[in-house]
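Me: Please walk me through this model in short questions and replies. Start with the overall fold, then go local.

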Amino acid sequence: MSVQTAISERRSIRAYKDTPVEEEKLQQVLEAARLSPSARNRQEWKFVVVRDRDILAKLAEAAPSGRFLIQAPVTIVAVATEGEYVMSCGQLAGTVDSSIALAYLILQAHELGLGTCWLGGYSEESVKQILGIAAEARIVAITPLGYPAEAPEAKPRKPLAEIVSYERYQ
């Protein structure tokens, strides 16, 4: 599968089969995240892999928009470990870099036939408490990982003419 195909065919999956994710595939998606670029190659991220059903239930409670987390055999929590490094452009490197890494992970998962759904609606403090994450770290996003039990249609996207300008912002 080409990168373009993965980008155009990937969907947010909110229903999962009760089929375990093979360890080899899990390692492949984690490796894709590991290989992603980061500011000054600092790689200030961690990925918490959760398979325990009790912990998944607690995460689903901490993410009201992600109650379906309990369906997936795996959930991955992307954590920015360094919350203070600001790039010269003014952006927090940890949040940007963790987002890039998770995007790589999601595309790799799609290529392997696995579904994901980027979740940003959660109680950060609850997730930190559930997973024992340090106060100074930031939860960037959560994604379930598993075999899709649905095939959603593509959602409409704005045309390029509405989101791209050349030479000057318009």
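**Fold and local detail**

Reply: The protein has six helices and four strands, where helices (H or I, at least four residues) and strands (E, at least two) are DSSP runs numbered from the N terminus. This is a predicted model: local features need pLDDT of at least 70, side-chain atom pairs count only at pLDDT 80 or more, and totals for chains, interfaces and linings use all residues. Residues are numbered from 1 along each chain as its sequence is written, and side-chain values use heavy atoms, with hydrogens and water left out.

Me: What pattern does the protein follow along the sequence?
Reply: Helices and strands are read in sequence order. The pattern is α-α-β-α-β-α-β-α-β-α.

Me: What radius of gyration does the protein have, against that of a compact globule?
Reply: The radius is taken over C-alpha atoms, and the globule rule is 2.2 Å times the number of residues to the power 0.38. For 170 residues, a compact globule would come near 15 Å. The protein agrees with that, at 17 Å.

Me: What share of the contacts with a separation of 6 or more comes from residues 24 or more positions apart?
Reply: Contact means heavy atoms within 4.5 Å. Among contacts with a separation of 6 or more, residues 24 or more positions apart account for 75%.

Me: Which residues of helix α5 are buried?
Reply: Buried means under 20% relative accessible area, exposed over 50%, partly exposed in between (1.4 Å probe, protein chains only). Helix α5 spans residues 124-131. Its buried residues are Glu 124, Val 127, Lys 128 and Leu 131.

Me: Why do these residues lie on the same side of α5?
Reply: The arc is that of the directions from the helix axis to the C-beta atoms. The residues share a side of α5 because they cover an arc of only 100° around the axis.

Me: Which residues are exposed on the other side of α5?
Reply: That side is opposite the buried residues, whose cover includes β1 (45-50), α3 (53-62), β2 (74-80) and β4 (138-146). The exposed residues there are Glu 125 and Gln 129.

Me: What phi does Gly 132 take?
Reply: Gly 132 comes just after α5. Its phi is positive, about 70°.

Me: Is Ser 38 buried or exposed?
Reply: Ser 38 lies in the loop between α2 (23-34) and β1. Its relative accessible area is 15%, so Ser 38 is buried.

Me: Which residues does Ser 38 touch?
Reply: Residues up to four places away in sequence are not counted. That leaves Gln 43, Trp 45 and Asp 97.
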